[in-house]
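Trainee: Got a minute? I'd like to walk through a structure with you before I set anything up.
Mentor: Sure, put it on the screen and ask away.

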Amino acid sequence: MTEESETAAPSLSDTLRQQTVALANGLEATLLRHIANLPAPPTLSAATEAQIKKRVPPKALPRSLTPDGAIALLALEIDDIGTRISHYQFIERYCEHFNAPDQVWRAAFVTHTHILRGSEIYVIMERSCEWLDFFASFAGDIGITATKQSKALQKKFKKHFERHLRERHRIVHVHERPSLVSRMLSVPPAEMGRPEVADVFATVLGALTTMMKESLGEAADGASPQQTFATINDLRLRAVDKECLDMWDLFQDAINSAIDPSSLLK
């Protein structure tokens, strides 16, 4: 191992992985310790059993429909959600490793990755809210005072990621007016060569470049088009990474807010 690799800062994936494992393992240990100190083994409610049955195939139900099994499932889902959040950062990086064989492939790839970003945020929001409902039900079964946080988390997600979630809504629902980006991406590859289509794209991209240069300020002064594009791309990827961290923070904060520490048996 070189000195550089020993001192390199951890990647976003490493950071999120460490935090995910710590949260999942910490919650699992806390809940197992709590039920070990109860005067009698707890019984799962019908609501908790329904939550488990939604997640587990019939053959695995006998070992999952127990307090220990429910705790293991809760920890596993934290791991799944954390992994999904970590993978979100790669959506905007796939293009760096994809060589399209022709224009049609490239157009399909760009369209699908554009859709994927909003869809992944929606999936993460839904999975996180479902986890919180599962946890609140189970916590009540084992005598922990818990507050349902799913609706609060959904509200925060919708506010924080409004632009991406609105874009997903526009794409899915035909009655919604599509965004400019969606309209541009919907142009068939065969039409790209038409002068009028090329003129529209050139106008939009020119306006976008000017707007981005204004937002870059001094960083754009004297820079070549290639340098400006590299700077814009770097800012775009930083924004994606921040969205990863923001999603994780929202989920983690919701979990911490759901538990009353004074009701835990140690």
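Trainee: Starting with a side chain I clicked on: is D246 buried or exposed?
Mentor: D246 is buried, with a relative accessible area of 14%. Keep in mind that this is a predicted model.

Trainee: OK, and which residue does D246 form a salt bridge with?
Mentor: With K242, and the closest N and O atoms are 2.8 Å apart. Both residues sit in helix α11, four residues apart, which is about one turn of the helix.

Trainee: What about K242, buried or partly exposed?
Mentor: K242 counts as partly exposed, at 48% relative accessibility. D246, on the other side of the pair, falls under the 20% cut-off for buried.

Trainee: How many salt bridges are there in the whole structure?
Mentor: A search turns up nine. One of them joins E120 and R84, with 2.9 Å from N to O.

Trainee: Where do E120 and R84 lie?
Mentor: E120 is in helix α6 and R84 is in helix α5, so the salt bridge ties together parts that are 36 residues apart in sequence. E120 counts as buried at 13% relative accessibility, while R84 is partly exposed at 31%.

Trainee: Which residue does R93 form a salt bridge with?
Mentor: R93 pairs with D241, and their closest N and O atoms are 3.1 Å apart. That one links distant parts of the chain: R93 is in the loop between α5 and α6, D241 is in helix α11, and they are 148 residues apart.

Trainee: And are R93 and D241 buried or exposed?
Mentor: R93 counts as buried at 18% relative accessibility, and D241 counts as buried at 19%. With the cut-off for buried at under 20%, I'd quote those percentages along with the label.

Trainee: Which residues are linked in a network of salt bridges?
Mentor: E92, R117 and E243 are.

Trainee: I also had R236 selected. What separates the C-alpha atoms of R236 and E92?
Mentor: They are 8.5 Å apart, although the two residues are 144 residues apart along the chain. R236 is in helix α11 and counts as partly exposed, at 29% relative accessibility.

Trainee: Let me zoom out. How many helices and strands are there in the protein chain?
Mentor: 11 helices and zero strands. Of the 266 residues in the chain, 36% are buried.

Trainee: What share of the contacts join residues at least 24 apart?
Mentor: If you take contacts between residues at least 6 apart in sequence, 76% of them join residues at least 24 apart.

Trainee: Now the inside. Which residues touch the most other members of the largest nonpolar core?
Mentor: L31, I78, W131, F135 and F157 do, in a core of 49 residues. The elements giving two or more residues to this core are α2 (12-36), α5 (67-88), α6 (103-141), α7 (150-160) and α11 (225-258). Of these, α6 gives the most, with 10 residues.

Trainee: W131 caught my eye. What is it in contact with?
Mentor: Leaving aside neighbours within four places in sequence, W131 is in contact with L27, R55, L74, E77, I78, I81, F251 and I255. I78 turns up in that list and also among the residues that touch the most other core members.

Trainee: And on the outside, which residues form a nonpolar patch on the surface?
Mentor: I115, I171 and V172 form one, with about 210 Å² of accessible area together. I171 lies in helix α8, residues 162-172, and is partly exposed at 32% relative accessible area.

Trainee: How much area does the protein chain expose overall?
Mentor: About 15800 Å², and carbon and sulfur atoms supply 57% of that.

Trainee: Last topic, cysteines. How many disulfides does the structure hold?
Mentor: Zero.

Trainee: Remind me what a disulfide is?
Mentor: A covalent bond between the sulfur atoms of two cysteines.

Trainee: So are C129 and C244 buried or exposed?
Mentor: C129 is buried, with a relative accessible area of 9%. C244 counts as buried too, at 0% relative accessibility.

Definitions and conventions:
Residues are numbered from 1 along each chain as its sequence is written. This is a predicted model: local features need pLDDT of at least 70, side-chain atom pairs count only at pLDDT 80 or more; totals for chains, interfaces and linings use all residues. Side-chain values use heavy atoms; hydrogens and water are left out. A nonpolar core is a set of buried Ala, Val, Leu, Ile, Met, Phe, Trp, Tyr and Cys residues joined through side-chain atoms within 4.5 Å. Buried means under 20% relative accessible area, exposed over 50%, partly exposed in between (1.4 Å probe, protein chains only). Contact means heavy atoms within 4.5 Å. Patches are made of residues with over 30% relative accessible area and no salt bridge: like charges are joined within 9 Å, nonpolar side chains (Val, Leu, Ile, Met, Phe, Trp, Tyr) within 5 Å. Accessible areas come from the Shrake-Rupley method with a 1.4 Å probe; for residues, only the protein chains shown count as cover. A salt bridge is a side-chain nitrogen of Lys or Arg within 4 Å of a carboxyl oxygen of Asp or Glu. A disulfide is a pair of cysteine sulfur atoms within 2.5 Å.
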